[in-house]
Amino acid sequence: MTEIYPSFYSKFKCIANLCEDSCCKDWDIDIDSETERFYMTVTGYTGDKIRKKLVTDEYDERVFKAEGGRCPFWNSDMLCDIFINLGEEHLSRTCDTFPRVKVNYGDFNENLLSFACPEAARIMLRADGNPYADFGGKAELETAEESDDLMSFLLKARERSAEILLDSSLPFEYRLADCLEFNAQVQKIIEGKEPAPLSDEFETPDSVRFIFDMHLGFEIMSGRWRKALEDVLQSADALKASDDFVGDFKKFALYYIYRYYLEAIHSGDVLYSLKRIVCAYIVTSRLDADFAKKGYPLPRMRILQRYSKEVEHSYDNTEALNAEFDRDPRFGVEELIAMLEAIA
């Protein structure tokens, strides 16, 4: 099995109670079956509490439900009582691995860090160039070409998409537009159609606020996040992304490309990942511009990190995004390209 890692992967180390956010905050904590079997053998106060707090959620998963926005085992010192009382080796698989993400594609695994972790986000934002240069490299391509022509095609298309996003000779909105146009042709090929010029029959969305309205309709964990979205809603069309923000968002966009583009091997749709990047750019760039006026009540890294935590890491919100892409004509490729070019 070929294992692929970005260049910054080994730099991550959890900073525990020094973290300005926490993976013990807001989320329910998934408990895998092996860990649950061990937890059922734990005696004393810790064992009794584990068995009391371990429940089945609406998705039929075994979890520790967040209480007041906190894992019930995250103590007042912002440390884990299970880690302290039972040892690191008895953390659930989720707690032990996050923010490390392993994605299996049959003949190879891609290993990444999640932007939802502040420390991982910092590491990724400090990375220079394309830290995913080994992704889609020779070994990976050879493996894919031997077993699956579609995977080989997607790996090459992903690399081209990354090159477009990294092309600093163009404003970032134009890079996103070019990436959408390129992947519209990729999508036609996946569907067995001949690549063709995009349609010239479309209506340009007259505002970016519909993207904010959509996000405000999502499941939202943090009241501060909701207020930030509400505060910027009315002024969103007047706000512009700064060059400094684009430098950071480019790395966030690369993360999305390398994390989600290959999902098309299952969904058959490469455009979902690109449209999600467009939505993330519209929301976070406007939040950043608004926060700049206010002296950054939330640092830029936290804007991107919080977007990842609120939207990317919510299954329901991801499904809602994809449903809107299918339903709302304003998320058509031509419409989004026109919108991006209008705000550049």
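This passage describes a sheet, a buried helix, and the pockets and cavities of a predicted model.

The sheet is open and has three strands. Their order is β1-β6-β5, and the pairing is mixed. Strands β1 (2-4) and β5 (100-104) form the edges, and each pairs on one side only. From one strand to the next, the twist averages 20 degrees. Strand β6 covers residues 108-113. Five bridges join β6 to β5, and these two strands run antiparallel. One pair of bridge partners is V103 and E110, the latter in β6.

A helix crosses this part of the model. Helix α11, residues 243-260, lies across β5 and β6. The helix runs at about 150 degrees to β6.

Helix α5 (118-126) is a further element of interest. Eight of its nine residues are buried, so α5 is largely enclosed by the rest of the structure. Buried here means under 20% relative accessible area. The buried residues are P118, E119, A120, A121, R122, I123, M124 and L125. Two charged residue types, Glu and Arg, appear in that list as E119 and R122. The cover over the buried residues of α5 includes strand β6 and the helices α11 and α14.

Empty space was examined next. Rolling a probe the size of a water molecule over the atoms shows where such space is left. The largest pocket holds about 1,300 Å³ of space. Its lining consists of 34 residues. Nearest its centre lie W27, D30, H313, S314 and Y315. Several elements give two or more residues to this lining: β2 (29-30), α4 (93-97), β5, α11, α14 (300-312) and α15 (315-327). Edge strand β5 and the crossing helix α11 thus return here as parts of the pocket wall. By class, the lining has 18 charged, 11 nonpolar and five polar residues.

The second largest pocket has a volume of about 770 Å³. It is lined by 38 residues. Those closest to its centre are C14, A16, C23, C24 and C95. Helices α3 (81-86), α4, α5 and α14 each give two or more residues to the lining. The largest share, three residues, comes from α3. The lining divides into 28 nonpolar, four polar and six charged residues. Helices α4 and α14 are listed for the largest pocket and again for the second largest pocket.

The structure also holds two cavities of 30 Å³ or more. About 40 Å³ of space lies in the largest cavity. Its lining is made up of F8, M124, A127, G129, P131, Y132, K251 and L254. Six of these residues are nonpolar, one is polar and one is charged. M124 is one of the buried residues of α5, and it also lines this cavity. K251 and L254 belong to the lining too, and both numbers fall within α11 (243-260).

The second largest cavity contains about 30 Å³ of space. H215, F218, E219, I220, W225, E310, V311 and N317 line it. This lining has four nonpolar, two polar and two charged residues. E310 and V311 are among the lining residues, and their numbers fall within α14 (300-312). N317 lines the cavity as well, with a number inside α15 (315-327).

Terms used:
Residues numbered from 1 in each chain as written. Predicted model: local features only at pLDDT ≥ 70, side-chain atom pairs only at ≥ 80, totals over all residues. Heavy atoms only, no water. Pairing = 2+ DSSP bridges. Helix = DSSP H or I, 4+ residues; strand = E, 2+ residues; numbered from the N terminus. Axes fitted to C-alpha atoms, helices over the stretch in contact; angles between N-to-C directions. Contact = heavy atoms within 4.5 Å. 1 Å grid on protein atoms, 1.4 Å probe; cavity = no way out; pocket = protein on both sides within 12 Å on 5 of 7 lines; lining within 4 Å. Points joined across faces, edges and corners; volume = space filled by probe spheres on them. Buried < 20%, exposed > 50% of the residue type's maximum accessible area, 1.4 Å probe, protein only.
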